[in-house]
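Hi everyone, thanks for coming. I'd like to walk you through some side-chain contacts today, so please have a look at the structure first.

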Amino acid sequence: MLKILQTLPTKYFGILQSYLKSRYLTITCNNETSSPIPMLSGVPRGSILGPPLYTLYTADIPQSPLTTLSTYADDKAVFSTHHNPDTASSNLQHHIQSIDQWTQKWRLKINVTKSKHIIFTLRRGHCPPVNFNKAAIPRAESIKYLGLHFDKQLNWKKHVTTTRKHLDLKSREINWLIGKHSPLSMPNTLLIYKTVLRPVWTYGIELWGLSNINIIQRYQSKMLRSITNAPWYVTNQSLYQDLRIPLVRTVYRERTAAHHATLRAHTNPLMETLLEPPSNRRPNGSGLLMKQTKDESRDSP
């Protein structure tokens with residue numbers, strides 16, 4: 001409650017205090033219900049105010065001019081870039097130590113076993129390991145962050161391969177609806193493809209679409225042939241024209257152009273800097289993805 005009192009206007013304090021205090025938890029199992037247990041921390045699960053209050057509670061997380069901090073809900077990523085791998089890890093370690101002290105002060109807990117340390121580089125050698133609360137953070141060859149798979153060379157092969165396997169799995173699950181023997185009409189099967197399968201590979205295509213795009217293109221052509229039961233002599237070009245389905249490369253170009261336009265028009269001037277081409281030099285990058293353990297927080301906002 002201290003951060004609410006310090007950050008928000010006083011008139012909101014009483015309302016949020018009544019919202020967060022005097023809450024109880026009961027557990028029901030086999031028609032038996034436990035006695036009410038007082039909830040001393042956290043916010044109601046699935047509540048509308050939960051995300052804003054969590055953002056308010058963690059808004060003062062320490063930052064460093066030598067590293068980049070990215071946060072989304074309880075996922076926190078810290079990046080350190082330098083041509084000297086020792087310096088990159090040193091800057092990262094100093095920032096982690098300040099975050100460690102901050103989490104202890106505000107009674108939050110980082111799950112070290114779910115946290116990952118990855119090195120982005122094309123050079124030989126490795127950055128020194130980093131620790132959090134005297135525990136070594138596991139090293140990883142690739143990490144998943146916000147639904148995207150990042151490998152140490154940033155070539156997106158891991159992400160595209162994983163996406164392809166996920167598409168195969170979902171395709172088998174709904175094959176009875178979109179396969180050759182589907183009871184649905186062709187417009188309906190195409191609608192299912194567009195609403196269920198296509199969003200799987202379009203997610204983040206603005207980033208990964210420049211490489212390995214042919215893997216997804218072959219998948220889409222295969223699915224369209226299965227949906228339409230097209231004979232072998234029908235070319236893919238004719239198939240796409242008749243169905244009015246854009247090629248994967250076309251989707252990539254359109255979404256990339258829209259994304260760039262959004263960045264240029266953004267009110268935050270820092271967003272436009274993301275459009276600047278990368279430097280020709282390839283520094284070592286040391287990245288850390290930290291997972292917070294929600295259920296072990298011992299203090300409410």
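Let me start with the term I'll lean on: a salt bridge here is a side-chain nitrogen of Lys or Arg within 4 Å of a carboxyl oxygen of Asp or Glu. Please keep in mind that this is a predicted model.

With that in hand, how many salt bridges does a search of the whole structure find? The search gives 3. One of them joins the side chains of Glu 141 and Lys 152, at 3.0 Å from N to O. Glu 141 sits in the loop between β9 and β10, while Lys 152 is in the loop between β11 and α5, so this pair ties together parts 11 residues apart in sequence. Lys 152 itself is partly exposed, at 33% relative accessible area.

Next, helix α5 holds both Arg 164 and Asp 168, 4 residues apart, or about one turn of the helix. Their side chains meet at 2.3 Å, N to O. Arg 164 is buried at 19%, whereas Asp 168 is partly exposed at 27%.

Then there is Glu 206 with Arg 255, whose closest N and O atoms are 3.4 Å apart. This pair links helix α8 to helix α11, so parts 49 residues apart in sequence are tied together.

Now to the rings: the structure has 3 aromatic pairs. In one of these, Tyr 57 and Trp 106 have ring centres 6.1 Å apart and planes at 75°, so they are edge-to-face. Both of these residues are buried. Phe 150 and Trp 156 make a tilted pair, with 5.2 Å between centres and 50° between planes.

Conventions. Residues numbered from 1 in each chain as written. Predicted model: local features only at pLDDT ≥ 70, side-chain atom pairs only at ≥ 80, totals over all residues. Heavy atoms only, no water. Phe/Tyr/Trp six-rings, centres within 6.5 Å; stacked < 30°, edge-to-face > 60°. Buried < 20%, exposed > 50% of the residue type's maximum accessible area, 1.4 Å probe, protein only. Helix = DSSP H or I, 4+ residues; strand = E, 2+ residues; numbered from the N terminus.
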